[in-house]
Amino acid sequence: MSQGCSQVTLSTEVTQRFSLELNSSELCVGELPKQMGNPKPHLIRNFLRGNILLPADLLAQAAIVGNDTIYVITGQHKEL
């Protein structure tokens with residue numbers, strides 16, 4: 001049971017870090033799909049509303065707009 005609880009916590013942390021990265025991109029939600037290679041707009045809205053967990057394809061597309069995906073996954077900022 002603790003493994004399942006740990007996975008939920010990790011998933012929540014990844015989701016929170018992804019939201020922080022999106023907010024720091026200074027793009028409005030309406031611009032994100034276009035800048036991210038046109039993922040389905042409802043996917044981004046559903047994620048930002050907390051209706052779904054972070055899909056891997058959305059994370060990959062976020063790298064296009066400069067999101068630190070290493071930070072999103074690990075919680076550690078990449079070193080330059």
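Select Ser25 and show its surroundings: leaving out residues up to four places away in sequence, Ser25 touches Leu32 and Asn67. The model is predicted, and every distance on this tour is taken from its atoms. Ser25 sits in the loop that links helix H1 (2-24) to helix H2 (32-35). Now add Gly66 to the selection. Ser25 and Gly66 are 41 residues apart along the chain, while their C-alpha atoms are separated by 7.5 Å.

Step back into H1 and pick Arg17, which is placed in that helix. Is Arg17 buried or exposed? Arg17 is buried, yet it has no salt bridge. Label Glu13 next: this is the nearest side chain of opposite charge, at 4.0 Å from Arg17. Then draw a distance from the side chain of Arg17 to the backbone oxygen of Ile73, which it reaches at 3.2 Å. Ile73 belongs to a run of contacts. With residues up to four places away in sequence set aside, Arg17 touches Tyr71, Val72, Ile73, Thr74 and Gly75.

Keep Thr74 on screen and select Leu10, another residue of helix H1. Leu10 and Thr74 are 64 residues apart in sequence, and 9.5 Å lies between their C-alpha atoms. Leu10 counts as partly exposed because its relative accessibility is 47%, and the partly exposed class runs between 20% and 50%.

Move to helix H3, residues 41-48. Which residues of H3 are buried? They are Leu43, Ile44 and Phe47. Look down the axis of H3: these buried residues fall within an arc of 95°, so they line one face of the helix. Just past this helix, select Gly50, which follows H3 and has a positive phi, near 85°.

Return to Phe47 and display its contacts. Apart from neighbours within four places in sequence, Phe47 is in contact with Thr15, Phe18, Ser19, Leu22, Ile52, Leu53, Leu54 and Leu58.

Several of these names come back in the last stop, the nonpolar core. The largest such core has 13 residues. Colour the ones with the most contacts inside it: Phe18, Met36, Phe47, Leu54, Leu58 and Val72. Which elements give two or more residues to this core? They are H1, H3 and helix H4 (56-62). As background, nonpolar side chains in soluble globular proteins tend to be buried together.

To finish, show Val72 together with Arg17. Val72 is one of the core residues with the most contacts, and Val72 is also among the residues that Arg17 touches.

Methods:
Residues numbered from 1 in each chain as written. Predicted model: local features only at pLDDT ≥ 70, side-chain atom pairs only at ≥ 80, totals over all residues. Heavy atoms only, no water. Helix = DSSP H or I, 4+ residues; strand = E, 2+ residues; numbered from the N terminus. Contact = heavy atoms within 4.5 Å. Buried < 20%, exposed > 50% of the residue type's maximum accessible area, 1.4 Å probe, protein only. Lys, Arg positive; Asp, Glu negative; His and termini not counted. Polar contact = N/O pair within 3.5 Å; in protein donor to acceptor, adjacent residues only side chain to side chain. Arc of directions from axis to C-beta. Core = buried A, V, L, I, M, F, W, Y, C linked by side-chain atoms within 4.5 Å.
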